[in-house]
Amino acid sequence: MQELKARALELLKNGTVQRVLGWRIGENTYDPEPAFFDSEEAMKDFVYNNFCAANLSKYMIEACKLEGKTLVCLKPCDSYSFNQLLSEHRIDREKAYIIGVGCKGKLSIEKVSQAGVKGILSVTDTDPLQVTTLYGDTTVAYKDAMLSRCHVCKGKDHVVYDELIGESEDTVDADRFAEVAAIEAMSPEEKFAFFQAELSKCIRCNACRNVCPACSCRKCVFDSNKFDSTQKANVDSFEEKMFHIIRAFHVAGRCTDCGECSRVCPQGIPLHLFNRKFIKDINNLYGEYQAGADVEAKGPLTSFTTEDAEPSVVSQGGIR
Amino acid sequence: MSVNEEFRPKIVAFCCNWCSYAGADLAGSSRLAYPADVKIIRVPCSCRVNPMFILRAFEKGADGVILCGCHPGDCHYSTGNYYARRRMTLLFSMLDFMGVENGRTRVEWVSAAEGVKFSTVMNDFVEKIRSLGENVRLGDLRCKN
């Protein structure tokens, strides 16, 4: 962290970059938040630890509209999102100075409380986590506190960067498509019951949309065209019902599977399942494709082959 | 729907202007019968159909939605139906994944010369939807109403 902070400060001072996009100390030790830093004074609050899970690539859309370069800290998985935005011409590579930061798997305070720890006062990001609670001290194994997306990590190589700082550790210990396959194996009644239970928790806060680097339209179908203040309310019943299918479809073929949607959902809906189902189908039908891996690659939904499968494959046993 | 009445499904058929709509026209002028439950919506090309159109049709009470376009390779705009094919495959797979009966959605390629095919396809599709019954799942996924 100190090396990263020192380097960021150096680049800020020598004028290479006008501002730094990173994480700032939050209210607690475990909730750092994304922030821009434009002075040495502001950099005092700069932090990078194992709780810094937020994907900063989406903030680059706004940063690229500003004067001068922005230093952005990207984790390996964030670099895929950055590349995807580059290929969609939403951001300007020339306006970004990318420091690829190491990642040992990101932690989630929700996972810590799910492990049965109550009254958390402070927590370290070490292995194991040393947790101070109202009821005494305890420890939680690092793997148990890790975000579920990190268990199915895409890899620790940055696909785009100017320089690398910090070490990474492999965290994969599960099959990326296991959850999706488990649902596919259910009967239609079971599938419907599962999604009905999950989706009826939705409060339409739009956090999944707002955090998603692929959801970057200037004008969103879910926004009210009349009142800014009603943007978070459902404008008609259609949106309410179909929101999740549409949200997932709009990012199909562009989703890098960064897992931010599931991380930010206040209701704990496993939103990544929709995205991952699309990714699984695309891989099966149109060949392996990882959004953001290659800036020049054509997306699976903006290309075709004459030999593509007919939609009837779905009713003939489905895509497995 | 009263108890004694036969279930009459509501079916939306998106037909491309150049092939399938002309196919439907031919079916009509050839006096080929297909159920009146099918409501045709003409679109410029099968790829004009946004997946939201299909969801919207279900939301508004459709029991089945069918998309008809030119045969692959015969698109008036050269490649539109190829894009539609990928899009619909993924959408149908997602609906299936969420537990919606997969017979409720269908894509068929019907050319302007295939009046007979149009009529057969529609008869078959209506029969399928009749057997599936009323659409309850996609009308309200969150079951708030």
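Two residues are in contact if their C-beta atoms, placed from the backbone, lie within 7 Å. The views below are taken from a predicted model.

**Figure 1. Helix H1 of chain B and the elements packed around it.** Helix H1(B) covers residues 20-29. Seven of its 10 residues are buried, so H1(B) is largely enclosed by the rest of the structure. The buried residues are Ser20(B), Tyr21(B), Ala22(B), Gly23(B), Ala24(B), Leu26(B) and Ala27(B). What do these buried residues of H1(B) pack against? Their partners in chain B are three strands, E1 (11-16), E2 (38-43) and E3 (64-69), together with helix H4 (115-132). H1(B) lies across E1, E2 and E3 of chain B and runs at about 115° to E1(B). After H1(B) comes Arg31(B), which has a positive phi, near 60°.

**Figure 2. The four-stranded parallel sheet of chain B.** The strands of this open sheet follow the order E2-E1-E3-E4 in chain B, and their pairing is parallel. Which strands stand at the edges? E2 and E4 (105-109) of chain B do; each has a single partner strand, so one side of each is left without a neighbour in the sheet. On average, neighbouring strands are turned by 20° against each other, direction ignored. E1(B) and E3(B) run parallel and are joined by five bridges. Val12(B) has Val65(B) in E3(B) as its bridge partner.

**Figure 3. The largest nonpolar core, and a second one apart from it.** The largest nonpolar core has 80 residues, of which Phe278(A), Ile11(B), Cys16(B) and Met94(B) touch the most other members. Helix H3 (residues 80-97) of chain B is the main contributor, giving eight residues to this core. Where does the core lie with respect to the domains of chain A? Both domain 1 (1-105 + 153-174) and domain 3 (176-320) of chain A give residues to the core, so it lies between them. A second, separate core holds 39 residues, including Tyr48(A), Phe51(A), Ala53(A) and Met60(A).

**Figure 4. The surroundings of Ile11(B).** Leaving aside residues up to four places away in sequence, Ile11(B) touches Asp37(B), Val38(B) and Lys39(B). It also touches Ala62(B), Asp63(B), Gly64(B) and Ile66(B). The list ends with Phe125(B), Val126(B) and Ile129(B).

**Figure 5. The interface between chains A and B.** Contacts across the interface involve 37 residues of chain A and 33 residues of chain B. Four helices of chain A each supply at least two residues of the side that touches chain B: H6 (178-184), H7 (188-199), H9 (237-250) and H11 (272-286). The largest share of this side, eight residues, belongs to H9(A). By residue class, the side of chain A that touches chain B has 23 nonpolar, five polar and nine charged residues.

**Figure 6. Strand E4 of chain A and its two parallel neighbours.** Is strand E4(A), residues 70-74, buried or exposed? Five of its five residues are buried, so E4(A) is largely enclosed by the rest of the structure. In a regular strand the side chains alternate between the two faces of the sheet. In E4(A), Thr70(A), Val72(A) and Leu74(A) point one way, whereas Leu71(A) and Cys73(A) point the other way, and all are buried. Strand E1 (residues 19-24) of chain A runs parallel to E4(A), the two being joined by three bridges. Here Val20(A) is opposite Leu71(A) of E4(A). E4(A) also pairs with strand E5 (residues 96-101) of chain A, in the parallel sense and over five bridges. In that pairing, Ile98(A) of E5(A) is the bridge partner of Val72(A).

**Figure 7. The three-stranded antiparallel sheet of chain A.** This open sheet has three strands of chain A in the order E6-E7-E8, with antiparallel pairing. E6 (120-123) and E8 (136-140) of chain A are the edge strands, and each pairs on one side only. From one strand to the next the twist averages 30°. E6(A) is held to E7(A), residues 129-133, by three bridges in the antiparallel sense. Across this pairing, Ile120(A) stands opposite Thr133(A) of E7(A).

**Figure 8. Glu62(A) in helix H2 of chain A.** Glu62(A) belongs to helix H2 (residues 59-63) of chain A. How many other C-beta atoms lie within 10 Å of Glu62(A)? There are 12, and a residue with 12 or fewer counts as exposed, so Glu62(A) is exposed. Glu62(A) and Ile269(A) are 207 residues apart along the chain, and their C-alpha atoms are separated by 28 Å.

Note on methods
Residues numbered from 1 in each chain as written. Chains lettered and ligands numbered in written order. Predicted model: local features only at pLDDT ≥ 70, side-chain atom pairs only at ≥ 80, totals over all residues. Core = buried A, V, L, I, M, F, W, Y, C linked by C-beta atoms within 7 Å. Buried ≥ 20, exposed ≤ 12 C-beta atoms within 10 Å, placed from the backbone. Domains from an automatic or database assignment. Nonpolar A, V, L, I, M, F, W, Y, C, P; charged D, E, K, R; others polar. Pairing = 2+ DSSP bridges. Axes fitted to C-alpha atoms, helices over the stretch in contact; angles between N-to-C directions.
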